[in-house]
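Got a minute to look over a fold before you head back to the bench? Here's a quick briefing to read alongside the structure.

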Amino acid sequence: QVQLVESGGGLVRPGGSLRLSCTASGSIFSINTMGWYRQAPGKQRELVATIGKGGSTYYADSVMGRFTISRDNAKNTEYLQLDSLKPEDTADYYCTAWNTRSYQYWGRGTQVTVSS
């Protein structure tokens, strides 16, 4: 069993930045890939970024060049740096992690609102 807790969401102006954090606890030895999803009102949940245990990354086209995913395995924590934010980035952001058997865990989510 793995528990994930996000933090760092909030209100930011267009063009601004936020840094989201997600800390894992429980059976952390089983964690393989970690990542972030987001869901805007009325839209499907979409994959934003992933990072493998060895550091390989994936980004959705919509955030490429603006968001950066990272992880600190010693702290059991992953991060998402959100730069050059747009109103279209407004969503609930969810931390996720897959274990070595591809079972997926979810955090509760943190709200990001981009508005002038």
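A nonpolar core, as the term is used here, is a set of buried Ala, Val, Leu, Ile, Met, Phe, Trp, Tyr and Cys residues joined through side-chain atoms within 4.5 Å. Keep in mind that this is a predicted model. With that in hand, here's the rundown, from the overall fold to the core, the charged network and a couple of backbone oddities.

**Overall fold**

- The protein has 11 strands and zero helices, so reading from the N terminus you get β-β-β-β-β-β-β-β-β-β-β.
- The radius of gyration is 13 Å, close to the 13 Å from the globule rule for 116 residues, so the protein is as compact as a globular protein of that length.
- Along the principal axes, the C-alpha atoms fill a box of roughly 40 × 25 × 25 Å.
- Of the 116 residues, 43% count as buried.
- Take the contacts with a separation of 6 or more: 54% of them are between residues 24 or more positions apart.
- About 6,200 Å² of the protein is exposed, and carbon and sulfur atoms supply 47% of that.

**The nonpolar core**

- The largest nonpolar core has 29 residues, and the ones touching the most other members are Leu4, Trp36, Val48, Phe67, Leu80 and Tyr93.
- At least two residues of this core come from each of β1 (2–7), β3 (18–26), β4, β5 (46–51), β7, β8, β9 and β11 (110–114).
- Phe67 is worth clicking on: leaving aside neighbours within four places in sequence, its contacts include Val48, Leu80 and Tyr93.
- Phe67 also contacts Arg38 and Asp89, two residues that turn up again in the next group.

**The charged network**

- How many salt bridges does a search of the whole structure find? The count is three.
- Arg38 pairs with Glu46, with the closest N and O atoms 2.6 Å apart.
- Arg38 is buried at a relative accessible area of 6%, while Glu46 counts as partly exposed at 32%.
- Arg38 also forms a salt bridge with Asp89, at 2.9 Å from N to O.
- That second pair links distant parts of the chain, with Arg38 in strand β4 (31–39) and Asp89 in the loop between β8 (77–82) and β9 (91–99), 51 residues apart.
- Asp89 has a relative accessibility of 2%, and because buried means under 20%, it counts as buried.
- Arg66 meets Asp89 in a salt bridge too, at 2.7 Å from N to O.
- Here again distant parts of the chain are linked: Arg66 sits in the loop between β6 (57–59) and β7 (67–72), 23 residues from Asp89.
- Both Arg66 and Asp89 are buried.
- Through shared partners, the salt bridges join Arg38, Glu46, Arg66 and Asp89 into one network.

**Backbone oddities**

- Most residues other than glycine have a negative phi.
- Asn76 has a positive phi, near 55°, and is found in the loop between β7 and β8.
- Asn76 counts as partly exposed, at 26% relative accessibility.
- Ser102 has a positive phi as well, near 70°, and lies in the loop between β9 and β10 (104–106).
- Is Ser102 buried or exposed? At 58% relative accessibility, Ser102 counts as exposed.

Note on methods
Residues are numbered from 1 along each chain as its sequence is written. This is a predicted model: local features need pLDDT of at least 70, side-chain atom pairs count only at pLDDT 80 or more; totals for chains, interfaces and linings use all residues. Side-chain values use heavy atoms; hydrogens and water are left out. A salt bridge is a side-chain nitrogen of Lys or Arg within 4 Å of a carboxyl oxygen of Asp or Glu. Buried means under 20% relative accessible area, exposed over 50%, partly exposed in between (1.4 Å probe, protein chains only). Helices (H or I, at least four residues) and strands (E, at least two) are DSSP runs, numbered from the N terminus. Contact means heavy atoms within 4.5 Å. The radius of gyration is taken over C-alpha atoms; the globule rule is 2.2 Å times the number of residues to the power 0.38. Accessible areas come from the Shrake-Rupley method with a 1.4 Å probe; for residues, only the protein chains shown count as cover.
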